[in-house]
Amino acid sequence: MNPEVRARVAQNTLRNYGYFRGKVDYEVIPQRNPRKAKVGYTVQTGELFRLETISYLPFAKHADSLVQSTRWMSKLTYGKPFSVVDLDAERIRISTLLRNNGFYFYKPEYVTFRADTVQHPLNVQLQVTQIANVPDVAKRRYHLGKTIVSLYKYNDYKLTDTVARRDFEFRYVAHKGKAPLRFGSLRRHIQYKKGEIYCHEEHGGIADELGSMGIFSQVSVKYAPADTTATCDTLNLEVQAVLDKPYDAEFETKITSKSNGQVGPGVSFGMSKRNAFRGAETLKLEAHGSYEWQTGSNIQGKSSVVNSYEYGTSLSLDYPRLIIPAWGRKWSRRAQATTSFAMDADWLNRAGYF
């Protein structure tokens with residue numbers, strides 16, 4: 001036990017919630033057993049301080065107008081108790097606001113507060129501002145430049161071929177003179193145009209978009225300045241992706257026991273191929289079969305007459321996108337969905353029925 005530290009922590013907690021005059025004391029209470037003792041704490045909260053005025057000092061260029069125009073969304077309101085939780089929430093709100101409007105390198109810790117509790121009793125005059133030494137890169141608004149995609153095979157990390165299309169550079173290892181993934185299939189999951197203002201809410205999920213294709217074992221996405229000059233305001237998107245192994249196989253067995261006395265085994269085997277046609281499709285072929293014997297009853301004649309069996313196969317093709325008419329394609333680009341086509345064939349014999 002360290003009651004002195006605990007009392008200090010409790011007193012700081014009171015301050016964090018607006019009880020600036022709070023005080024916490026402790027007392028060690030001896031017991032009959034000299035090796036034991038109790039600790040008693042006395043908490044005096046004092047009076048609660050509330051926010052009386054809230055002012056926002058100028059931020060960086062472009063950032064200031066964004067902060068001022070969204071003050072109605074502030075987590076700080078007049079008359080509320082002074083709370084560090086609310087201060088942190090406002091710090092995060094401002095950082096998120098700026099990152100969604102081009103300030104890629106802005107962080108919550110760049111926002112700070114100054115509080116005056118002396119002018120008016122039990123009231124706080126609060127100022128919201130930036131720290132004095134905000135890095136220049138955090139004050140700058142960034143646009144999106146070109147995209148560089150490095151596509152590796154699961155067993156080969158050497159890139160030999162490059163294709164450049166406008167603001168898109170595709171690096172890969174060709175197989176039989178072709179790229180392992182069609183350009184359009186990849187571009188469909190990177191939703192932005194060159195020159196757009198960076199928005200974390202819209203562009204921060206590109207890694208998830210690429211992962212939803214289901215053909216990569218690893219995906220790494222980062223934004224990097226296009227050059228090293230002090231005035232650079234362009235971010236290039238750099239994607240490194242590793243193709244997963246092309247084939248998956250699964251084997252399943254089961255035993256069935258039914259209330260009508262039929263018992264028997266079943267087996268199924270499936271084989272899947274990822275990126276089957278270089279468009280992130282998944283092609284799957286499955287075969288299954290089962291046989292059931294009649295047990296527990298008197299059977300006249302050949303027992304095989306009342307046995308049941310089933311066998312069949314299925315072929316499916318999954319696309320990592322919605323395949324819909326042209327009028328819906330623009331909307332479908334934003335939807336994480338799949339389209340499946342399947343063919344099934346089944347031969348089923350149920351003794352005594354069909």
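**Sheets, rings and a surface patch in a predicted model**

Q: What is the strand order in the open sheet of 3 strands?
A: We're looking at a predicted model here. This sheet is open and its pairing is mixed. Reading across, the order is β3-β5-β4.

Q: Which strands are the edge strands of that sheet, and what does the twist average?
A: An edge strand pairs on one side only, and that's the case for β3 (50–56) and β4 (111–116). Going from one strand to the next, the twist averages 25 degrees.

Q: In which sense do β3 and β5 pair, and which residue of β5 stands opposite leucine 51?
A: Strands in a sheet can pair parallel or antiparallel, through backbone hydrogen bonds. β3 and β5 (residues 123–130) go for the parallel option, over 6 bridges. Opposite leucine 51 you'll find valine 124.

Q: Which strands stand at the edges of the open sheet of 5 strands?
A: This one has mixed pairing and the order β7-β8-β6-β10-β9. Two of its strands have a single partner each, so one side of each is left without a neighbour in the sheet. Those edge strands are β7 (161–165) and β9 (216–225).

Q: By how many degrees are neighbouring strands of this sheet turned against each other on average?
A: Take the sheet with the order β7-β8-β6-β10-β9. With direction ignored, the average turn between neighbours comes to 15 degrees.

Q: How do β7 and β8 run, and what is the bridge partner of valine 163?
A: β7 is joined to β8 (residues 168–172) by 5 bridges, and the two strands run antiparallel. Valine 163 has its bridge partner in β8, namely phenylalanine 170.

Q: How many residues lie between β11 and β12 in their hairpin, and which residue in the turn has a positive phi?
A: β11 (residues 247–257) and β12 (residues 262–274) are antiparallel, with 11 bridges between them. One bridge takes threonine 256 to glycine 264 in β12. The hairpin leaves 4 residues between the strands, and the turn residue with a positive phi, about 95 degrees, is glycine 261.

Q: Which elements give two or more residues to the nonpolar patch?
A: The patch covers about 520 Å² of surface and is built from Met1, Tyr26, Val28, Tyr41 and Val43. The elements that supply two or more of its residues are β1 (23–30) and β2 (37–44).

Q: Why does tyrosine 26 count as partly exposed?
A: Tyrosine 26 sits in strand β1. Buried means under 20% relative accessible area and exposed means over 50%, so anything in between is partly exposed. Tyrosine 26 lands in that middle range because its relative accessibility is 37%.

Q: Why is the pair of tyrosine 106 and tyrosine 110 edge-to-face?
A: The structure has 14 aromatic pairs. In this one, the ring centres are 5.5 Å apart, and both tyrosine 106 and tyrosine 110 are buried. Planes over 60 degrees apart count as edge-to-face, so the pair qualifies with an angle of 90 degrees.

Q: Which residues form the one aromatic cluster with Tyr104?
A: For this cluster, tyrosines and a phenylalanine come together. Alongside Tyr104, the members are Phe105, Tyr142, Tyr198 and Tyr223.

Q: How far apart in space are valine 137 and cysteine 232?
A: Valine 137 belongs to helix α4 (residues 136–139), and its relative accessible area of 34% makes it partly exposed. Along the sequence, valine 137 and cysteine 232 are 95 residues apart. In space, C-alpha to C-alpha, the distance is 8.9 Å.

Technical notes: Residues numbered from 1 in each chain as written. Predicted model: local features only at pLDDT ≥ 70, side-chain atom pairs only at ≥ 80, totals over all residues. Heavy atoms only, no water. Pairing = 2+ DSSP bridges. Axes fitted to C-alpha atoms, helices over the stretch in contact; angles between N-to-C directions. Patch = residues over 30% accessible without salt bridge, like charges linked within 9 Å, V, L, I, M, F, W, Y side chains within 5 Å. Areas by Shrake-Rupley, 256 points an atom, 1.4 Å probe, with all protein chains shown as cover. Salt bridge = Lys/Arg side-chain N within 4 Å of Asp/Glu carboxyl O. Buried < 20%, exposed > 50% of the residue type's maximum accessible area, 1.4 Å probe, protein only. Phe/Tyr/Trp six-rings, centres within 6.5 Å; stacked < 30°, edge-to-face > 60°.
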